[in-house]
Every structure is written in structure tokens, then in C-alpha cells.
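Open the structure in your viewer and keep the sequence beside it. The stops below say what to select and what is there.

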Amino acid sequence: QTVLTCTKLVSPQAMSQVIKFLYTGKIDETIVHIGALRQAAEYLELAELSQYLTNIINKEHFLNTELFQQNLEKLGDQLGDLCLRQGLFSDILFKLDDGTHAAHKPLLMARCDMMQAMFSDDFIESSARVVKFPGVSRFAFEELLHFLYTDRPPMYSALIPLLSRGNK
């Protein structure tokens with residue numbers, strides 16, 4: 001676990017909303033003063049969050065709909081690059097028919113009910129560092145991960161073996 005110590009310019013409430021924005025593209029306006037959050041966004045050089053807050057201050061909430069969509073696409077691109085292609089901070093390895101692939105349990109659990117169940121305390125995979133996925137090719141698994149990480153549709157023909165695996 002990483003502990004972040006902030007300057008007094010960034011309150012814990014503002015930091016929690018910064019993190020929420022980075023993960024979801026949204027904030028909870030009732031938790032923190034918008035001015036304090038805007039100061040944190042400027043201090044942390046988060047241009048998208050600063051723009052989002054400016055739209056709220058100017059009572060132009062409708063502009064945040066497009067900004068929200070752009071942020072989700074950017075987040076998907078970043079997850080695809082940092083987590084999938086670079087394998088940064090992976091914590092699980094899947095053994096497939098023709099190779100292996102690293103992934104991230106928290107992200108998989110958040111995006112896939114089957115993975116949530118598989119990594120829960122009731123299954124052997126919850127403590128495993130390597131999970132065997134027989135009958136699944138590396139290509140098919142990469143397409144699935146691409147969708148889970150980026151929210152962009154895969155080539156569906158590649159996923160047929162995985163669909164049958166999800167029913168077991």
C-alpha cells in the first residue's frame with residue numbers, strides 16, 4: 001500500500017475527490033468545497049479537472065458531459081498502454097494454451113463478475129499467483145483484457161472460447 005502525504009494546500013477531502021475524478025471522471029460536489037478542489041487541481045496540474053470545475057462554477061454543467069466522455073476514453077487508453085502493453089504493477093499471471101499474460105486483480109474484479117467470484121476467498125485462485133485457463137489462447141485472452149481495461153469492443157470471434165469458459 002502506498003501512503004501519500006499532501007501539502008496543506010490539498011485537503012484530504014479534496015484529494016479523495018481528485019482520486020475519484022481520476023478513476024471515474026466525476027466528483028461528489030457535496031463532499032468538498034469546489035474552490036478548494038479547484039486549487040488542488042491547479043496545484044496537481046490536472047487540466048481536465050480544472051476545466052470540469054470551471055464548468056460547474058460557471059453553471060455550465062452540460063459541458064461536462066463531453067469532458068466526461070473524453071476522460072473515459074483517455075483513461076481507457078492509459079490503462080491499455082500502462083497496464084496491458086507495459087504490464088505495470090501486474091499482480092496475477094494467467095497460464096494460457098499458448099503462453100502467459102499478466103493482469104491486475106482489482107481491475108478484473110471491478111469489471112467482470114466471473115473474475116470477482118474467482119478471486120474471492122471461496123476459490124483457490126484468490127491466493128494463487130498463476131491461474132490456469134485451459135482452452136483459451138493468448139490472443140483471445142488479450143482481446144478480453146483489452147475490453148476490460150479500455151471499454152472498447154474486441155474482435156468477437158476471438159472470444160468464443162472464453163464465453164464457454166465463463167459458463168463453467
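Select Ile34, Leu37, Arg38, Ala41 and Glu42 in helix 2, then add Leu49, Ser50, Leu53, Thr54, Ile56 and Ile57 in helix 3; the two groups meet each other. Contact here means heavy atoms within 4.5 Å. Helices (H or I, at least four residues) and strands (E, at least two) are DSSP runs, numbered from the N terminus. The contact of helix 2 with helix 3 holds seven nonpolar, two polar and two charged residues. In that count Ala, Val, Leu, Ile, Met, Phe, Trp, Tyr, Cys and Pro are nonpolar, Asp, Glu, Lys and Arg are charged, and the others, Gly among them, are polar.

Some ground rules apply to the whole tour. This is a predicted model, in which local features need pLDDT of at least 70 and side-chain atom pairs count only at pLDDT 80 or more, while totals for chains, interfaces and linings use all residues. Residues are numbered from 1 along each chain as its sequence is written, and side-chain values use heavy atoms, with hydrogens and water left out.

**Helix 2 and helix 3**

Now show helix 2 (residues 34–43) and helix 3 (residues 47–57) whole: their axes come within 9 Å and cross at roughly 155°. That makes helix 2 roughly antiparallel to helix 3. Axes are lines fitted to C-alpha atoms, for helices over the stretch in contact, and angles run from 0 to 180 degrees between N-to-C directions. Angles under 35 degrees count as roughly parallel, over 145 as roughly antiparallel, 65 to 115 as roughly perpendicular and the rest as oblique. The crossing of helix 2 and helix 3 is left-handed, a term for a near helix turned anticlockwise from the far one by less than a right angle; clockwise is right-handed.

Stay in helix 2 and pick Ala40. Is Ala40 buried or exposed? Ala40 is buried, with a relative accessible area of 0%. Buried means under 20% relative accessible area, exposed over 50%, and partly exposed in between (1.4 Å probe, protein chains only). Leaving aside neighbours within four places in sequence, Ala40 is in contact with Val10, Ala14 and Val18.

**On to helix 4**

Next, select Glu48, Gln51, Tyr52, Asn55 and Ile56 in helix 3, which meet Leu63, Asn64, Leu67, Asn71 and Lys74 in helix 4. These residues divide into four nonpolar, four polar and two charged. Helix 3 and helix 4 pack at an angle of about 165°, with axes 10 Å apart. That makes helix 3 roughly antiparallel to helix 4, and the crossing of helix 3 and helix 4 is left-handed.

**The sheet**

Move to strand 1 (residues 92–96). Ile92, Phe94 and Leu96 lie on its covered face, Leu93 and Lys95 on the uncovered one. In a regular strand the side chains alternate between the two faces of the sheet.

Add strand 2 (residues 99–103), which pairs with strand 1 in the antiparallel sense over five bridges. Two strands pair if DSSP finds at least two bridges between them. Strand 1 and strand 2 form a hairpin with two residues between them. Among the partners in strand 2, Ala102 is bridged to Leu93 and His101 to Phe94.

Then add strand 3 (residues 130–132), joined to strand 1 by three bridges and running parallel to strand 1. Val131 is the bridge partner of Phe94 in strand 3.

What is the order of the strands in this open sheet? The three strands have the order 2-1-3, with mixed pairing. Strand 2 and strand 3 stand at the edges, each with a single partner strand, so one side of each is left without a neighbour in the sheet. Neighbouring strands are turned by 25° against each other on average, direction ignored.

**Helix 7**

Select helix 7 (residues 138–150). Helix 7 packs on the sheet, touching strand 1 and strand 2, and its direction makes about 10° with that of strand 2.

Show helix 4 (residues 63–85) again: its axis and that of helix 7 come within 8 Å and cross at roughly 135°. That makes helix 4 oblique to helix 7, and their crossing is right-handed. Gly76, Leu79, Gly80, Cys83 and Leu84 of helix 4 make the contact with Leu145, His146, Tyr149 and Thr150 of helix 7. Five of these residues are nonpolar, four polar and none charged.

**The whole chain**

Zoom out to finish. The chain comes to eight helices and three strands, and 35% of its 168 residues count as buried.
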